[in-house]
Amino acid sequence: MKAFLFLLITLCLGTFVTSAQQKNYDIVSYTPPNNWKEETSDSYISYSRIDGGSWAQIAIYKSTLSKGSIAEDSQNEWNTLVLARHQLENEEKTQPQAAEGWNVVSRSGVWKYNGTNVATILTTYSNGKICISILCNATAQPYLKDYQKFISSVRFTATS
């Protein structure tokens, strides 16, 4: 998982990709994953996919006011979006990285759903004024590649 987190953070800080399929949600422009089911709620937009016994979800949560730093924002988002819902094992996090006026941290862990391991990755972006998080829950490794591709398509349409 550490190697994956390192690769993910590298992608998060790379050049933001644009394409003809770009969609907008809140302050984010992104390319949705192909052939995934879209669902919108008051606080997020999500994409899900089920393939036999394996599944994955990717969700972009609405931006919130920053707590003042990426460390505080990442911890708050992790507590609210992940730890409030699941008991995790093997928690890991990346060191904060900066790019284009944003700081980013990814955190991960594993929890069980009906006896199956679910990998969770939460990527939080903060510019000290606002923060926004993108969450992935997946039961199989190939979905993590879809998350990498999704994250690499993200760009911000507002900075405050």
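**Notebook: Trp55, cores, helix H2 and pockets**

I began with Trp55, which is found in strand E5. The model I consulted is a predicted one.

*Entry 1, Trp55.* I asked whether Trp55 is buried or exposed. Its relative accessibility is 17%, and because the limit for a buried residue is under 20%, Trp55 counts as buried. I then listed its contacts, leaving aside neighbours within four places in sequence: Arg49, Ile50, Trp111, Tyr113, Val118, Asn137, Ala138, Thr139 and Tyr143. For Tyr143 I also looked up the C-alpha separation from Trp55, which is 8.0 Å although the two residues are 88 residues apart along the chain.

*Entry 2, nonpolar cores.* I noted that the largest nonpolar core has 26 residues. Within this core, the residues with the most contacts are Val28, Tyr30, Ile60, Tyr125, Ile134, Val154 and Phe156. Strands E2 (28-30), E4, E5, E9 (102-113), E10 (116-126) and E11, together with helix H3, each supply at least two of its residues. I followed Val28 further: beyond its neighbours within four places in sequence, Val28 is in contact with Lys23, Ile60, Ile132, Val154, Arg155, Phe156 and Thr157. A second, separate core has eleven residues, and Trp55, Tyr61, Trp111 and Leu135 are among them. In soluble globular proteins, nonpolar side chains tend to be buried together.

*Entry 3, helix H2.* I asked which residues of H2 are buried. I recorded Ile70, Asp73, Ser74, Glu77, Trp78, Leu81 and Val82. They cover an arc of only 130° around the axis, so they sit on the same side of H2. Against which strands do the buried residues of H2 pack? I found E5, E6 (64-65), E7 (89-93), E9, E10 and E11.

*Entry 4, largest pocket.* I read a volume of about 290 Å³ for the largest pocket. Its lining comprises 18 residues, and Gln57, Ala59, Tyr61, Leu135 and Asn137 lie nearest its centre. Two or more lining residues come from each of strands E3 (37-40), E4 (44-51), E5 (54-61) and E11 (130-138) and from helix H2 (70-83). By class, I noted nine nonpolar, six polar and three charged residues in this lining.

*Entry 5, second largest pocket.* The volume here is about 190 Å³. I listed the lining as Gln21, Thr31, Pro32, Pro33, Asn34, Trp36, Arg49, Asp146, Lys149, Phe150 and Ser153. Helix H3 (residues 141-153) gives the largest share, four residues. I divided the lining by class into four nonpolar, four polar and three charged residues.

Key. Residues are numbered from 1 along each chain as its sequence is written. This is a predicted model: local features need pLDDT of at least 70, side-chain atom pairs count only at pLDDT 80 or more; totals for chains, interfaces and linings use all residues. Side-chain values use heavy atoms; hydrogens and water are left out. On a 1 Å grid over the protein atoms alone, a cavity is a set of points where a 1.4 Å probe fits but cannot get out, and a pocket is an open set with protein on both sides within 12 Å along at least five of seven lines; lining residues have an atom within 4 Å of a point. Grid points are joined across faces, edges and corners, and a volume is the space filled by probe spheres set on the points. Ala, Val, Leu, Ile, Met, Phe, Trp, Tyr, Cys and Pro count as nonpolar, Asp, Glu, Lys and Arg as charged, and the others, Gly among them, as polar. A nonpolar core is a set of buried Ala, Val, Leu, Ile, Met, Phe, Trp, Tyr and Cys residues joined through side-chain atoms within 4.5 Å. Buried means under 20% relative accessible area, exposed over 50%, partly exposed in between (1.4 Å probe, protein chains only). Contact means heavy atoms within 4.5 Å. The arc is that of the directions from the helix axis to the C-beta atoms.
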